[in-house]
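Visitor: I would like to learn how to read contacts and charge pairs in a model. Please take the features one at a time.

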Amino acid sequence: MTDAELNKQESHADSHDVKLTPFTIFRYTYSVILLIFSIVLVVALMFTGNTKLAADVNPWVALIVCILAVVWLSMIEGQQASLVGLPPIDPLLYKETHPVTYLNAANAFLGDNLDRYLMGRQFMVLLVVFIINLCGAPTDANADVLNMPQWLKTIFLDVGLGMIIFTCQLGQLTTQVNASHCMLDFINNYFALFTLYVAMTIEFSGIMHCSYLIQNILSFASGKPIQSNEEPRTGLKFVFFWGRVLMSLAILGFSLAVIISALFDGKTMMAVKYPNVSNGASIFLFFFLCCIVGMLEGMQIAFFAVAKLPASERGTSYFGKKTCDLLFKGNGQNLPGFMIGRQLTVVASFFIVASIPSMNIQPGSGDN
């Protein structure tokens with residue numbers, strides 16, 4: 001290797017190093033302190049009986065379930081970064097060095113399985129986050145824990161900053177950032193393969209199939225055909241697919257009817273936590289935050305998909321090129337930076353959305 005090539009390689013490596021300025025060290029330090037405090041706070045809430053699962057069952061059960069849920073969430077989030085970023089890479093290049101990654105890729109990249117995985121995975125994320133919420137979120141924002149002053153309770157318990165930091169840092173951001181740079185290594189294990197199969201099984205159940213109807217409507221409206229790696233559905237496959245779409249629509253319609261009815265009747269936790277917010281504003285917030293989360297989820301998948309593409313293959317759209325230039329400029333830290341800001345926004349929206357439709361009723365009593 002010539003001196004020029006060696007200098008170029010060293011320069012390229014240096015460009016990916018994070019410069020430890022005083023401001024960067026300060027951010028790292030207070031972020032670690034916030035994480036440690038959030039972990040202590042969540043565990044303290046469990047063992048003082050101030051979370052739903054700890055109060056209804058047992059604090060140790062809440063702690064164990066929470067740990068397992070966070071570990072699985074970390075795999076779900078990191079696996080997405082790997083599987084969405086790997087399609088441009090020839091699987092034969094890593095078949096010998098990363099055999100389990102090759103198994104993941106062989107299953108995920110067969111036909112339209114990647115789309116199926118992404119749909120099932122989204123349901124898994126919501127389910128696991130809600131389980132973590134049951135295990136660690138406070139049932140009372142004024143709970144007496146760690147002798148915290150009222151202003152600190154407002155920030156970490158009422159607003160929910162403690163659970164947001166706990167969930168994001170431990171279950172999502174760390175693995176997303178690492179997996180975006182170590183795609184092959186992250187899913188080179190059977191836990192990832194198991195997670196892939198679970199996600200695809202959830203998609204096969206048809207619970208989320210109404211999303212395909214929306215996809216078809218948007219394809220028709222835009223005049224652009226849906227790109228598929230499989231033959232068009234015919235016969236029983238066609239009937240089975242659209243049957244699950246109708247079932248999914250029925251489930252979605254029933255769920256929306258229950259939520260909207262409860263919001264108008266003031267029978268949700270929104271009326272308890274934020275009594276000054278009107279029913280109409282609650283409904284607006286619910287749909288607005290769902291739209292924000294949907295947009296951010298789509299952006300993440302798109303960014304992972306183009307991360308391994310050369311600049312010449314990232315399309316010709318003006319705003320698309322501008323977005324990519326901003327995302328991948330410099331030392332490449334903007335992609336992990338986006339994931340951090342996106343994840344905090346998504347999880348905060350999840351917890352707010354969870355409080356909007358959560359029922360404040362006693363099942364089996366009155367009209368309930």
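Guide: What follows covers salt bridges, the nonpolar core and two buried residues. This is a predicted model, in which local features need pLDDT of at least 70 and side-chain atom pairs count only at pLDDT 80 or more, while totals for chains, interfaces and linings use all residues. Residues are numbered from 1 along each chain as its sequence is written, and side-chain values use heavy atoms, with hydrogens and water left out.

Visitor: How many salt bridges does the structure hold?

Guide: Side chains of opposite charge can pair when their charged atoms come close. A salt bridge is a side-chain nitrogen of Lys or Arg within 4 Å of a carboxyl oxygen of Asp or Glu. The structure holds 3 of them. K52 and D56 form one, at 3.3 Å from N to O. Both residues lie in helix α3 (residues 52–56), 4 residues apart, or about one turn of the helix. Helices are DSSP runs of H or I with at least four residues, numbered from the N terminus.

Visitor: Are K52 and D56 buried or exposed?

Guide: Buried means under 20% relative accessible area, exposed over 50%, and partly exposed in between, with a 1.4 Å probe and protein chains only. K52 counts as partly exposed at 45%, and D56 as exposed at 54%.

Visitor: Which residue meets R121 in a salt bridge?

Guide: R121 pairs with E77 at 2.8 Å, N to O. R121 lies in helix α6 (residues 113–136) and E77 in helix α4, so the pair ties together parts 44 residues apart in sequence. Both R121 and E77 are buried. In another salt bridge, the closest N and O atoms of E230 and R116 are 2.9 Å apart. This pair links distant parts of the chain, 114 residues apart: E230 is in the loop between α11 (210–222) and α12 (235–264), and R116 is in helix α6.

Visitor: Which helix gives the largest share of the largest nonpolar core?

Guide: A nonpolar core is a set of buried Ala, Val, Leu, Ile, Met, Phe, Trp, Tyr and Cys residues joined through side-chain atoms within 4.5 Å. The largest one has 56 residues, and C66 is among those touching the most other members. Helix α4 (residues 59–85) gives the largest share, 11 residues.

Visitor: What does L335 contact beyond its neighbours within four places in sequence?

Guide: Contact means heavy atoms within 4.5 Å. With those neighbours left aside, L335 contacts F303, A307, L327 and F328. L335 is buried, at 9% relative accessible area. On the same neighbour rule, S282 touches L263, M270, V277 and I356; S282 is buried at 3%.

Conventions: Helix = DSSP H or I, 4+ residues; strand = E, 2+ residues; numbered from the N terminus.
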